[in-house]
Amino acid sequence: MEVIVPKDSTQIAPIAADAICELLERKPDAVLGLATGSSPLPLYAELIRRYKAGEVSFARARAFTLDEYVGLASDHPQAYSNVIRTEFTAHVDFADDAVHSPDGLASDLRQSCAGYEAKIAEAGGVDLQILGVGTDGHIAFNEPGSSLASRTRIKTLTPQTRLDNARFFDGDLDQVPQHCITQGLGTIMEARHVVLFASGEGKAQAVWNLVEGPVSAMWPATILQHHPHATVLLDEGAASKLENLDYYRDTYETKPEWQGI
Ligand code: GLP
């Protein structure tokens, strides 16, 4: 796992954007795994800026989002299929049918979860997966206690996650759905490269567990310690509990530029 904590946190988005642009140059039809939440927003803004500057194209790329609330109307602004469009994909040149999300309104949710897994496999798997992390250590919506080998399925959100996400629903907890569909930890682990963003002290405990704690289903993000190519991009607040911070900094500062992330 590579841990990067730039002194200037505005460097985080360009570092990740460089990796995505390099991937798309090498493989224009690459499959991106997209995350919602606030953590990747600076990255999406940077990619939109680069697209508008003619530096990158998503015309042949495909994308899969991680998760979706169950039961939100298809035009609900907080349905993740809409969020990802509003925040990112509608502002670049993805083909209309190239961005996929789990269907939180499917009449047969179980079948639809299996279908989503099949679609990812048919696309050749995810080349680069963007991730955030919840304060309780969840990735996508794999809440504490999730099987470390789980696949796309229905989950019940914890009270903490619903509380954290109430800010997107006018602060009204009652509006936050109780159920979701999420790619499983086993699904996410199959992405060839995972790039996780965390910012702010509220994430410091989850980040400590992810980077330096023991692997445990109670901190689902810790499964990434088993990933052969995981990059963790942090600001000072999110990194504030890390015991080996100086080592991570030295490692990144002395890294040959050609290595990328
Ligand atoms: C949400 C999403 C996750 C996201 C996480 C953190 O519940 N399902 O994909 O990574 O919580 O969100 P944020 O980046 O807004 O802190």
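Here are some friendly notes on the strands, the sheet and the ligand site of this structure.

1. A word on the model before anything else: what you have in front of you is predicted, so please read the contacts below in that light.

2. The main sheet is a good place to start. Seven strands form an open sheet in the order E1-E10-E9-E6-E2-E3-E5, and their pairing is parallel. At the edges stand E1 (2-4) and E5; each has a single partner strand, so one side of each is left without a neighbour in the sheet.

3. Now look at E2 and E3 within that order. Strand E2 (residues 31-34) runs parallel to strand E3 (residues 62-65), and four bridges join the two. To get from E2 to E3, the chain passes through helix H2 (residues 41-52), giving a β-α-β crossover that is right-handed. If you want to check the register by eye, Leu 32 has Ala 63 of E3 as its bridge partner, while Leu 34 stands opposite Thr 65 in E3.

4. E3 also pairs with strand E5 (residues 99-100), in the parallel sense and over two bridges. Here Phe 64 has His 100 in E5 as its bridge partner.

5. There is antiparallel pairing to look at too. Strand E8 (residues 179-182) is joined to strand E4 (residues 67-69) by three bridges, and these two run antiparallel. Tyr 69 is the residue opposite Cys 180 in E8. E8 pairs with strand E7 (residues 153-156) as well, again in the antiparallel sense, this time over four bridges. In that pairing, Thr 156 has His 179 of E8 as its bridge partner.

6. On to the ligand, which may interest you most at the bench. Which residues come nearest to the ligand? Of the 13 residues around it, they are Ser 38, Ser 39, Asp 67, Phe 141 and Lys 203.

7. Two serine side chains are worth a look. An N or O atom in the side chain of Ser 38 is 2.7 Å from an oxygen atom of the ligand, and for the side chain of Ser 39 the distance from such an atom to a ligand oxygen is 2.5 Å. The backbone takes part in the list as well: an N or O atom of the Ala 140 backbone lies 3.3 Å from a nitrogen atom of the ligand.

8. How much of the ligand's accessible area does the protein cover? On its own the ligand has 390 Å² of accessible area, and the protein covers 95% of that. As for where the ligand sits, the space it takes is the second largest pocket.

Conventions. Residues numbered from 1 in each chain as written. Predicted model: local features only at pLDDT ≥ 70, side-chain atom pairs only at ≥ 80, totals over all residues. Heavy atoms only, no water. Pairing = 2+ DSSP bridges. Right-handed = clockwise from strand over helix to strand, strands pointing away. Near = heavy atom within 4 Å. Polar contact = N/O pair within 3.5 Å; in protein donor to acceptor, adjacent residues only side chain to side chain. Areas by Shrake-Rupley, 256 points an atom, 1.4 Å probe, with all protein chains shown as cover. 1 Å grid on protein atoms, 1.4 Å probe; cavity = no way out; pocket = protein on both sides within 12 Å on 5 of 7 lines; lining within 4 Å. Sits in = over half its atoms within 2 Å of the grid points.
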